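Dear colleague,

I am passing on a structure that you have not worked with before, and below it you will find a short account of what was found in it. Please read the account with the structure open beside you.

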Amino acid sequence: MTSEKERRQFLLQTAAAAGVLLTGSVLAADAPEVAPAATGAVEDLMCEHGVLRRALLVYRAYAQRLRVEPAGSVLAEPLQKTAQLMRTFVENYHERKLEEGLLFPVLRRLPGPIATYPATLTAQHNRGREITDYVLASTKTSRIGATQAQALTRALETFSLMYEQHAAREDTVVFPAWKAALAGERSGKDRLAEMAEQFAAIERAEFGQHGFADAVTTIADIERSLGISDLAQFTAPPPPQST
Ligand SMILES: [Fe+2]
Ligand SMILES: [Fe+2]
């Protein structure tokens, strides 16, 4: 059985155990979250960006709380867990093993401006790691210290803006260019399938069988602890009536 088949089988088994269908939406706050069945290398990368984006939303929620809640009152643990997820799943796996290890070398060999992207993206990965070190160091006590709140808020906000831009460019420019470069090789279709297998093997080596599903569960648990897990609460209010 190929690893992709194993991955699909795991996801189907998870869905069956949770009593939900993979084709159905899972939206309620307390409903189990089930990872979608990824089918290709680029889809894997974009699903991983989904975990990153949910971590950024936690950072933004924290920045807001640190601005409005009494000094020294904000719990540190959910932010510590989010920074740990950034470290293990995003920085050490998605960025170092996949993007820096497998995608950026291909992009550097391409003609035109796309070859300049890896330098900026790698500099942002490195700055992200510095900020994650800082967030981890700032969240070791049970409450975030009053003297740390202002600098930590700024770090969370600048980190979030950097990564919103970063992931959006990767999704719309970098990943399509990488996919096109592989497809342009003589056996391009096979190369993409090979990459999906390689990604799955790296993910298993890093996390065991359930890396992505466990990352989704972790961020969902953090959201639940902060009261931001119900998607419906983020539906925008209606616009003002025009006069
Ligand atoms: Fe990246
Ligand atoms: Fe990325």
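**Overall picture of the chain**

Of the 243 residues in the protein chain, 42% are buried, and it should be kept in mind throughout that this is a predicted model. The protein chain holds 7 helices and 0 strands, so that from the N terminus on its elements read α-α-α-α-α-α-α. Among the contacts in the protein chain with a separation of 6 or more, 78% are between residues 24 or more positions apart. The surface that the protein chain exposes comes to about 12900 Å², with 56% of it supplied by carbon and sulfur atoms.

**The iron site**

The iron ion (ligand 2) has as its protein donors H49 (NE2), H94 (NE2), E99 (OE) and E170 (OE), which lie 2.0 to 2.2 Å from the ion. Along the chain these donors follow the spacing H-x44-H-x4-E-x70-E. H49 belongs to helix α2 (residues 41-68) and H94 to helix α3 (residues 77-108), so this pair ties together parts that are 45 residues apart in sequence. Both histidines are buried, H49 with a relative accessible area of 0% and H94 at 3% relative accessibility.

The angles among the 4 donor atoms run from 81 to 162°, and the site of the iron ion (ligand 2) is irregular. E99 also bridges the iron ion (ligand 2) and the iron ion (ligand 1), and these two ions lie 3.3 Å apart.

With kind regards

Notes:
Residues are numbered from 1 along each chain as its sequence is written. Chains are lettered from A and ligands numbered from 1 in the order in which they are written. This is a predicted model: local features need pLDDT of at least 70, side-chain atom pairs count only at pLDDT 80 or more; totals for chains, interfaces and linings use all residues. Side-chain values use heavy atoms; hydrogens and water are left out. Donors are N, O and S atoms within 2.8 Å of the metal (3.2 Å for Na, K and Ca); water is not among the atoms, so sites may look incomplete. Four donors count as tetrahedral if all angles lie between 85 and 135 degrees; four count as square planar and six as octahedral if opposite donors are over 155 degrees apart and all others between 65 and 115; anything else is irregular. Helices (H or I, at least four residues) and strands (E, at least two) are DSSP runs, numbered from the N terminus. Buried means under 20% relative accessible area, exposed over 50%, partly exposed in between (1.4 Å probe, protein chains only). Contact means heavy atoms within 4.5 Å. Accessible areas come from the Shrake-Rupley method with a 1.4 Å probe; for residues, only the protein chains shown count as cover.
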